[in-house]
Amino acid sequence: MVVDRAVCLTVPTITTVPGLTYVADYLPQIEQDELLSTVDSMQWRSDLKRRVQHYGYRYDYTKREVGQDSYLGPLPRWAKRLADRLYGDGLVAIEFNQLIVNEYLPGQGISAHVDCVPCFAGTVVSVSLGSQCVMVMSDKDAKVDLLLQPGSLLIMQGDARYRWRHGIPARKSDLYNGERISRGRRVSLTYREVLTEG
């Protein structure tokens, strides 16, 4: 799918979180299914409470860094193709060199955090596959619930990248706008630019 560049340039920013942009329906269902199938054909790491895959560079969760010895090689073709599309569609101004794939089963989440500031550049992009879920954005004065739909794209820059924390509460369902939404299996593709050269 090629996204019309004019449409991309008018995608509204979520104004309650400066620097946060949400693009619904970025990937059609057939491409979501193909990506999930490709991801599931790859090897998962199980050293966390959730399964992950690292491409480009390995992130060290214990040290919270990307070391000089963490380079794994270039992004695989399927991951590079999507990264190139994000750049080509005018949604980002950088060419990503790192991807982490996270699997979240119902009841699994991730603590609120800001992605490692000295490790990664100022744009972080996450593509959602599988189930929908609520991500919570928070700073010292506010909290915002975001419903991440399958095939959607979340872009964090500026304050959304550096000041606001983002996390997914560990629960099996979410209450969003008064509606209880059950979770299924969700897989996220999180693209970043590593600042440390391997």
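What follows is a chat between a visitor and a guide about a predicted model.

Visitor: Let's start with charges. What makes D40 and R185 a salt bridge?

Guide: Their side chains come to 2.6 Å, N to O. The cut-off is 4 Å between a Lys or Arg side-chain nitrogen and a carboxyl oxygen of Asp or Glu, so the pair counts. A search of the whole structure turns up 10 salt bridges.

Visitor: Why say that the D40 and R185 pair ties parts together?

Guide: D40 sits in helix α2 (residues 29–40) and R185 in the loop between β11 (179–182) and β12 (186–192), so the pair ties together parts that are 145 residues apart in sequence.

Visitor: Why are D40 and R185 called partly exposed?

Guide: Buried means under 20% and exposed means over 50%, with partly exposed in between. D40 has 38% relative accessibility, so it lands in that middle band. R185 has 28%, so it gets that label too.

Visitor: What about E103, is it buried or exposed?

Guide: E103 has 5% relative accessibility, which is under 20%, so it counts as buried. Its side chain also meets that of R185 in a salt bridge, at 2.6 Å, N to O. That pair links distant parts of the chain as well: E103 is in strand β3 (residues 98–104), 82 residues from R185.

Visitor: How do you know that R183 and D174 are buried, and what joins them?

Guide: R183 has a relative accessible area of 10% and D174 has 1%; both values are under 20%, so buried it is. Their side chains meet in a salt bridge at 2.8 Å, N to O. Elsewhere, salt bridges that share partners join D40, R51, E103 and R185 into one network.

Visitor: Where is S131, and what makes its link to G184 a polar contact?

Guide: S131 is in the loop between β5 (124–130) and β6 (133–138). A polar atom of its side chain lies 2.8 Å from the backbone nitrogen of G184, and the limit is 3.5 Å, so the distance fits. S131 is buried too, with a relative accessible area of 11%. Among the residues it touches are L148, P150, R183 and R185.

Visitor: On to the sheet. Which strands are its edges, and why are they called that?

Guide: The open sheet has 6 strands in the order β1-β8-β5-β12-β3-β2, with antiparallel pairing. β1 (20–23) and β2 (52–55) are the edge strands, as each pairs on one side only. The twist averages 15° from one strand to the next.

Visitor: How do you know that β2 and β3 pair?

Guide: Pairing takes at least two bridges, and β2 and β3 have 4, in the antiparallel sense, so they qualify. Take Y55: its bridge partner in β3 is L99. Helix α3 (residues 77–88) packs on this sheet, touching β2, β3, β5, β8 (153–156) and β12, and its direction makes about 65° with that of β12.

Visitor: Which residues have the most contacts inside the largest nonpolar core?

Guide: L86, L99, V101, L153, L189 and Y191, in a core of 28 residues. Elements giving two or more residues to this core are α2, α3, β3, β5, β8 and β12, and α3 gives the most, with 5 residues. V101's contacts include V39, W44, W78 and L189. A second, separate core has 16 residues, including V124, L146, W164 and I168.

Terms used. Residues numbered from 1 in each chain as written. Predicted model: local features only at pLDDT ≥ 70, side-chain atom pairs only at ≥ 80, totals over all residues. Heavy atoms only, no water. Buried < 20%, exposed > 50% of the residue type's maximum accessible area, 1.4 Å probe, protein only. Polar contact = N/O pair within 3.5 Å; in protein donor to acceptor, adjacent residues only side chain to side chain. Contact = heavy atoms within 4.5 Å. Axes fitted to C-alpha atoms, helices over the stretch in contact; angles between N-to-C directions. Core = buried A, V, L, I, M, F, W, Y, C linked by side-chain atoms within 4.5 Å. Lists of a residue's contacts leave out its neighbours within four places in sequence.
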